[in-house]
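Subject: Structure handover

Hello,

Here is the structure for your set. My notes on it follow below.

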Amino acid sequence: MSTTEAEVDSLRAEALEALARADGEAEREAWRADWLGRKDGRLTLRLRGLKDAPAEQRAALGKSLNQLKTTLESELEERRESARADALAALSADDALDVSLPGRPQSLGRLHPVTQTMNDCIEAFAEMGFRVFEGPEVEWSRYNFDAVRIPDDHPARDMWDTIWIDTLIEGERQILLRTHTSPNQIRVMEQSEPPVRVIVPGKCYRQEATDATHEWMLTQIEGLAVDEGVRMSDLKGTLYAFARRLFGEDRQIIFHHSYFPFVEPGVEMAIDCFLCRADGSDCRTCHGTGWIEILGAGMVHPEIIENAGYDSSKYTGFAFGVGIERVAMLRWGIEDIRHFYQNDLRFLRQF
Ligand code: DAH
């Protein structure tokens, strides 16, 4: 369809009049489709029809039609803009919404108490020269058990009730959720040469009937130091510094003999009860003994050193495993480990 200049003028008048009558966004949108719609808008069709106009008029006519298009587009945008401004003005005039009220503050999150405690433990060991290593939570049973001297029939496996992955490899279950961080002693030694000085923080899993001191998920830090001439006194000094750093400068520590298959000798370390100061009362934290067990440790079994390919006549080492939830419970006097993972903000906000 070709157009004349006079028609352009009357088209402009008609379009602008229609736009003035378009009330509300739906009607404005209908107007846009009617005039500027990509497929069959009235102006669009005229522009398309330019090619049929007499050659000598085509350029001038094209210019007018394009100008008209720009005018219509900007008029529409202006109408929309002023409608938005009106709506906003109406909103703030309305008592229901007082835009001068201060905004609602965002509530800030914070680190979980176990994460805070973990960070403090990591910092304490890092200052003593331990670097951080991480291992997988889904582990081979050969690392979790066999490599740390807990063979299949070993009664010590009962200490770690295991959550297995239900996949059989060569007819056997071989994959599990690690029950402790100790398999990383092996992973670290496999990947490095002595001297070794690492800590391995991470989550562990056990098939537990949960109670105030047992959860099916727990967090540990494993420690391992192997070098020429590492002795029990180095283990003591390291853990003593750790205990004082976390529980106060005047802390005392005591080692009791204990058994873990991967260390010899094995010990449990306790700190003096900072609540009752060993006054022999019925303190709930130390049960009146004056001492609180906080971790297991020992000298790395020579067989493990040998299996790692190190010469056990030259290299010795110590290892330890700390339960982070336990440390956090002691620090803040938390009486039930289950609080940590119930996501109750009334509990979590206290730390
Ligand atoms: N893996 C032990 C547990 O989960 C803790 C432990 C004890 C780790 C003695 C050690 C250690 O490295 O020497 O109960």
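In this predicted model, a polar side-chain atom of Gln220 sits 3.0 Å from an oxygen atom of the ligand. Arg206 also brings a polar side-chain atom to an oxygen atom of the ligand, at 2.9 Å. With Phe320 the polar atom belongs to the backbone, and its distance to an oxygen atom of the ligand is 3.3 Å. On its own the ligand has 360 Å² of accessible area, and the protein covers 93% of that.

The shell around the ligand has 16 residues, of which the nearest are His180, Ser182, Arg206, Gln220 and Glu222. Three elements each give two or more residues to this shell: strand S7 (217–228), strand S10 (291–300) and strand S11 (315–323). As for pockets, the ligand takes up the space of the largest one.

Next, the helices. Helix H7 covers residues 183–191, and seven of its nine residues are buried, so the rest of the structure largely encloses it. The buried residues in H7 are Pro183, Asn184, Gln185, Ile186, Arg187, Val188 and Met189.

Helix H5 runs over residues 113–127, 15 residues in total. From its first C-alpha to its last, H5 reaches 21 Å, close to the 21 Å expected at 1.5 Å a residue. Its buried residues are Pro113, Val114, Thr117, Met118, Cys121, Ile122, Ala124 and Phe125. Gly129, just after H5, has a positive phi of about 100°.

Two single residues are also worth a note.

Asp336 is found in the loop that lies between helix H10 (324–332) and helix H11 (345–348). Is Asp336 buried or exposed? Its relative accessibility is 13%, and the cut-off for buried is under 20%, so Asp336 counts as buried. The side chain of Asp336 is in polar contact with the side chain of Arg338, at 2.8 Å.

Pro265 belongs to strand S9, which spans residues 263–272. Pro265 counts as partly exposed because its relative accessibility is 32%, and that class lies between the 20% and 50% limits. Along the chain Pro265 and Met299 are 34 residues apart, while 5.9 Å separates their C-alpha atoms.

Regards

Methods
Residues are numbered from 1 along each chain as its sequence is written. This is a predicted model: local features need pLDDT of at least 70, side-chain atom pairs count only at pLDDT 80 or more; totals for chains, interfaces and linings use all residues. Side-chain values use heavy atoms; hydrogens and water are left out. Helices (H or I, at least four residues) and strands (E, at least two) are DSSP runs, numbered from the N terminus. The expected span of a helix is 1.5 Å times one less than its number of residues. Buried means under 20% relative accessible area, exposed over 50%, partly exposed in between (1.4 Å probe, protein chains only). A residue is near a molecule or strand if one of its heavy atoms lies within 4 Å of it. A polar contact is a pair of N or O atoms within 3.5 Å; within protein, one must be able to donate a hydrogen and the other to accept it, and residues adjacent in sequence count only if both atoms are side-chain atoms. Accessible areas come from the Shrake-Rupley method with a 1.4 Å probe; for residues, only the protein chains shown count as cover. On a 1 Å grid over the protein atoms alone, a cavity is a set of points where a 1.4 Å probe fits but cannot get out, and a pocket is an open set with protein on both sides within 12 Å along at least five of seven lines; lining residues have an atom within 4 Å of a point. A molecule sits in a cavity or pocket if more than half of its atoms lie within 2 Å of its grid points.
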